[in-house]
Amino acid sequence: MAVATIARRGFLIASVAIAGGVAFGTWTVRRPADNPLAKGREPGQATFNAWVRIGPDGIVLITPHVDLGQGTTALQSTLIAEEMDLDPGQFTTDPGRPDGAYWNTALAADAVPFRYTDDSIPAEALRDMARSAFKLIGAQVTGGSSTASDSFDKLRHAGAVARETLKAAAAQKTGTDVADLRTESGAVVLKDGTRIAYTDLAGIAAGIDPVKVTKLRDPSEWRLIGHDVPRLDIPAKSTGALTYGIDLTMEGMVHATCRVNPRKGAGMRGFDASRAEGMPGVLHIVTLENGVAVVATNTWYAMQAMKAVRIDWDTAPYPAEQADHWAEVAASFTEERLDSVWRDDGDIPAALNGGAVIETEYRAPYVAHQPLEPLSALVRVTGDRADLWVGHQMPRFVQQRVAKSTGLPESSVHFHNQYVGGSFGHRLEFENIDRAVEVATALKGVPVKLTFTREEDFAQDFPRQIAMARARGVVKDGKVHALDLGIAAASPSRSQAARLGQSIPGPDNQIVAGAWDVPYRLPHHRVTGYAVPGLSPVSSWRSVGASHAGFFADCALDELIHAAGADPLAERLRLIADPVARKVLEAVGEMSDWGAPLGAGQGRGIAFVASFGVPVAEVVEVTMTDRGIRLDRVFVAADVGRVIDPLNFENLVQGGVIWGLGHAINSEITYSDGAAQQTNYHMAEGLRLYQTPEIIVRGLENGTSVRGIGEPPVPPAAPALANAIFAATGQRIREMPFNRHIAFI
Amino acid sequence: MIDLTVNGTQHRVDVSPDMPLLWVLRDELGLTGTKYGCGIAQCGACTVHVEGQAVRSCQLAIGDLSGEVTTIEGLGTPEALHAVQAAWIEHQVAQCGYCQSGQIMQAAALLSVNPAPDDDTIDHAMSANLCRCGTYPRIRAAIHGAAAKLGGA
Amino acid sequence: MKLRPALFLGTILGLASVALADTGGLTVTVPPEGSVPMAEGLAAWDRINEVFTHPRCINCHVDADAVPLWTLMGETATRPHGMNIIGGESRIGAQTLTCSTCHVTSERPNTLPHAPPHANMDWQLAPVEFVWTGRTSSEICAQVRNPDTNGDRDLAGLIEHITHDAEVGGLISWGFNPGGGRDAAPGTLQSHLDDIIAWGIAGMPCPEE
């Protein structure tokens, strides 16, 4: 790609993610981070890096990426254990303290305006700068399906350093040559077969400088990576033994719940808690910045009393009625709201001039996150420290934020990350933390467990961005000739950054992610992003921008392919311009036996979306029955470079498909009187077990970098289903949820 | 004062008889394996057994409780797993795991009346338990697995 | 027709009303035989049919497929019960998911919107013989008046069916007081009982097809 095009994008990576800008020198960036485990080390304990601590009592592997259900604890510990020659059961895991040493090396790379398939010098240079910025601000973040990419080399390296240093300790202890030593199953093994457990070497190892390691093991030597490794958290999750944040208890703890203006960001005019005060179990009524909390001896008492509080709310800072949100989106395809044109191949104006132009419009509504564990937080604030026990994806931001709101120094804010009952982006925000800190501050010294009711969680959810697309296309000689796709969306990056007290310096790549960077080569192809201001606050929802842009782009393409009279798979294969993506399409074609005859009322749809660096193709098979559409089977092929754990991979792909299909079929958030109309799961169900089709999964490993699989299976699901419904019924559905237009059984 | 027996142990609690059994278990007795997910029986995360029958504990007021309660903690322990729990582990069902206490309790109730359920029966018995992570394919497989172990088809 | 002794006594004595100790708070007033003209009986039936075909009642009077129905607040159409719930041959979901798993047995008022309603008896579908969905007023009338298809009940039996429900706080009572913001069946349990009696005394007339 020509260097000149960078200037056209007007994007200076040096200021990304940093308010006020940072000037940094080479040394500042290259200097290795301090090891947070070195502080507070007990006698006899050794730590070689930020991820391994060994003492006579045991081995602790630090797994800073929070486990939301996607198996990051298992993934991180497997990577370390692989190189360190540990077996399951020979270590425990700990999320560790928030620390800049755990900055996410992978997330920054995806924020740059280069396609994931682009490894040119300018692209890599910009990615390097982004990484440097992340390192400097110590951006410890879990998200964007980046744990695998961030951890793959880093944590194996950490395990290897630990192993080599333990060998050096053994050599020192026994007066032997390191070259004569090997490691196995948590021990250093001498030439004569004598085993010395790692825990017995901790004391000596503590006095040795960590050994430098430059080479990691060959895949042929792997015991764990690439194999099914039973996740260590699953037994506790199957016996009720694992505690989530919402389950924690503490001496002297009180239970609270809150209600804050469902017109997000608006204030409270007044309230009357007189009926609540005398109710059973009520201890305190606490005034919040824009709401009220009730503190009681039991969560249920708090929830009952909360219902009895009458609150007078301010009006919403965005349109009160859903129709006006759509009107604003529809009115955003303007020069004034232009956000990006990151794809502009060929000559679209010429291509669209004088041909038969096919015009289509698509919609994606607000959708809620609503993981099954409701928002909660256990917080204790005293005069000189604050402790928080809650699951969160940005521990350092929590620390900074709470330091600011309490006036305490960051070092006095202690954040204890927890296993999380699902996130899908929900644990990137701070509503539960802010409210719990407010209450805990009011009750200084008393531990407060604040639990949102499900209704309050629905009300406070920052939904997936609302979006619309307008496509214009031309077909020629049985092929897709031109596609001009305009996408207008509320801007999730800007909305989230604003809540972090920051702004983004350039366009929001999430408005067009999955559409602008799709690895097709069309003669004429333009993707324009428009940012819609002034709507509901929005946030990252599993697969973020690709969740709407992937749907728009693939549906628009599918309609053009049909107009051209071409085969949906064959034409996508003809257009694909990346060999790794090609193999993914070929695989799903083979898996689904594309082209094999189907019965009456049956239809197959295919979709391809690449997001987070992972190309994914899905085929959905449906049957149109007399009562509605039945989902029969789904085939998924995805390339992540390296499938680290095949079982977990399959589980996450199936889960992502179910997430995508369910919301596409029946979920949306609509505003009325400024608040979400959907109050609980009966109004936003997602997919249920009986509707779940068989989902056949294949992981490919042709990509050159290791990628994560948490989000990539989501974007192709909705378009594949829409395309399948078209094949089965002739009906094109261009907006989600699909059940506005057709019934599902 | 209200007396109740949970997992074979007798308890006495001093709460409003309106309090759902769910919150007696979680906040009064500290048995947090039973989860709060929705409060309106749309998710099933709160499922326990009363006299062996599955019940959504968010709907049953403690004053209406009649019979012994079994929670996930009482169904089986890591040392002595119930066949359903063993199947859940063998099939690596859980992702976030928050729904799984309720899923397991419901599956165990199903197998106690129907030792060899077919897919259709499983669909009718388990679809009121919501899983946002989408572990449904493995739940089906684990129920078949548990049925096989328990001697069903 | 057969009459229970107390009612028989009341009729013989021509008492204006008989309040029996075990009528669950309802007043049972049986007018003398022959005192209710056909037209009044048919009008009473119309009101009875309005109750029977109201969603709070008819949604569980379904056929052998045993799929309960939902007519939910905020929705415009009746649809099958969500979550793939069926009553099965047992009519209480015993082979799959028992109704009372969610619809607990309780005499507490239904105060929680969108939660599964409860009554003070095992939540259940009506027996398959009492299917009313897809039936005309005449067909329902024919089913309800015939002891072969109404659970072997004469007028006294139908009255007792209602008074017993009132005593326990069962499903019929619930239909008139469903709570949680739900639309109630028209009238009250008392007015419904009065209509049943009037219709009965009028000879259980059914409308023309």
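Here is a short walk through this predicted model, from two sheets in chain A to the places where chains meet.

Let us begin with chain A. Seven strands build an open sheet here, in the order E10-E11-E8-E18-E15-E16-E17, and their pairing is mixed. Strand E10 (282-288) and strand E17 (413-416) of chain A stand at the edges with a single partner strand each, so one side of each has no neighbour in the sheet. From one strand to the next, the twist averages 20 degrees. If you look at the E17 edge, you will find that strand E16 (residues 386-389) of chain A runs parallel to E17(A), with 4 bridges joining the two. A handy landmark there is A:Ala386, which stands opposite A:Val413 in E17(A). A helix belongs to this picture as well: helix H9 (residues 299-307) of chain A lies across strand E8 (254-260), E10, strand E11 (291-296) and strand E18 (448-451) of chain A. The direction of H9 runs at about 30 degrees to E8(A).

Now for another sheet in chain A. This open sheet has 5 strands in the order E13-E21-E20-E19-E14, again with mixed pairing. Its edge strands are E13 (338-345) and E14 (358-364) of chain A, each pairing on one side only. Here the twist averages 15 degrees from one strand to the next. Over 6 bridges, E13(A) pairs in the antiparallel sense with strand E21 (residues 524-532) of chain A, and A:Val341 stands opposite A:Thr528 in E21(A). Helix H10 (residues 322-330) of chain A packs on the sheet, where it touches E14, strand E19 (467-476), strand E20 (479-490) and E21 of chain A. Its direction makes about 45 degrees with that of E19(A).

Next, a word on charges. Side chains of opposite charge can pair when their charged atoms come close. Over all chains, a search of the whole structure finds 54 salt bridges. One of them joins A:Arg454 to A:Asp457, with the closest N and O atoms 3.8 Å apart. Both residues lie in helix H14 (residues 454-460) of chain A, 3 residues apart, about one turn of the helix.

With chain A in view, turn to where it meets chain B. In this contact, 59 residues of chain A meet 55 residues of chain B, and the area buried between them is about 4,600 Å², with carbon and sulfur atoms giving 56%. Which three residues give the most on the chain A side? They are A:Trp300, A:Leu372 and A:Leu689, which supply 18% of the area that chain A buries against chain B. The interface holds 3 salt bridges, and B:Arg26 forms a salt bridge with A:Asp247, their closest N and O atoms being 2.8 Å apart. There are also 34 residue pairs in polar contact across this interface. Helices H7 (234-237), H9, H14 and H19 (646-666) of chain A each supply at least two residues of the side that touches chain B; the largest share, 9 residues, comes from H19(A). By class, that side has 27 nonpolar, 22 polar and 10 charged residues.

Finally, chain B also meets chain C. This contact takes 21 residues from chain C and 25 residues from chain B. About 1,800 Å² is buried between the two chains, 54% of it from carbon and sulfur atoms. On the chain C side, C:Met83, C:Thr101 and C:Arg108 lose the most area to chain B, together 31% of what that side buries. C:Arg108 also forms a salt bridge with B:Asp18, with the closest N and O atoms 2.7 Å apart. Between these chains the count is 2 salt bridges, and 7 residue pairs are in polar contact. The side of chain C that touches chain B divides into 12 nonpolar, 8 polar and 1 charged residues.

Conventions
Residues numbered from 1 in each chain as written. Chains lettered and ligands numbered in written order. Predicted model: local features only at pLDDT ≥ 70, side-chain atom pairs only at ≥ 80, totals over all residues. Heavy atoms only, no water. Contact = heavy atoms within 4.5 Å. Buried area = accessible area lost by both parts, 1.4 Å probe. Salt bridge = Lys/Arg side-chain N within 4 Å of Asp/Glu carboxyl O. Polar contact = N/O pair within 3.5 Å; in protein donor to acceptor, adjacent residues only side chain to side chain. Nonpolar A, V, L, I, M, F, W, Y, C, P; charged D, E, K, R; others polar. Pairing = 2+ DSSP bridges. Axes fitted to C-alpha atoms, helices over the stretch in contact; angles between N-to-C directions.
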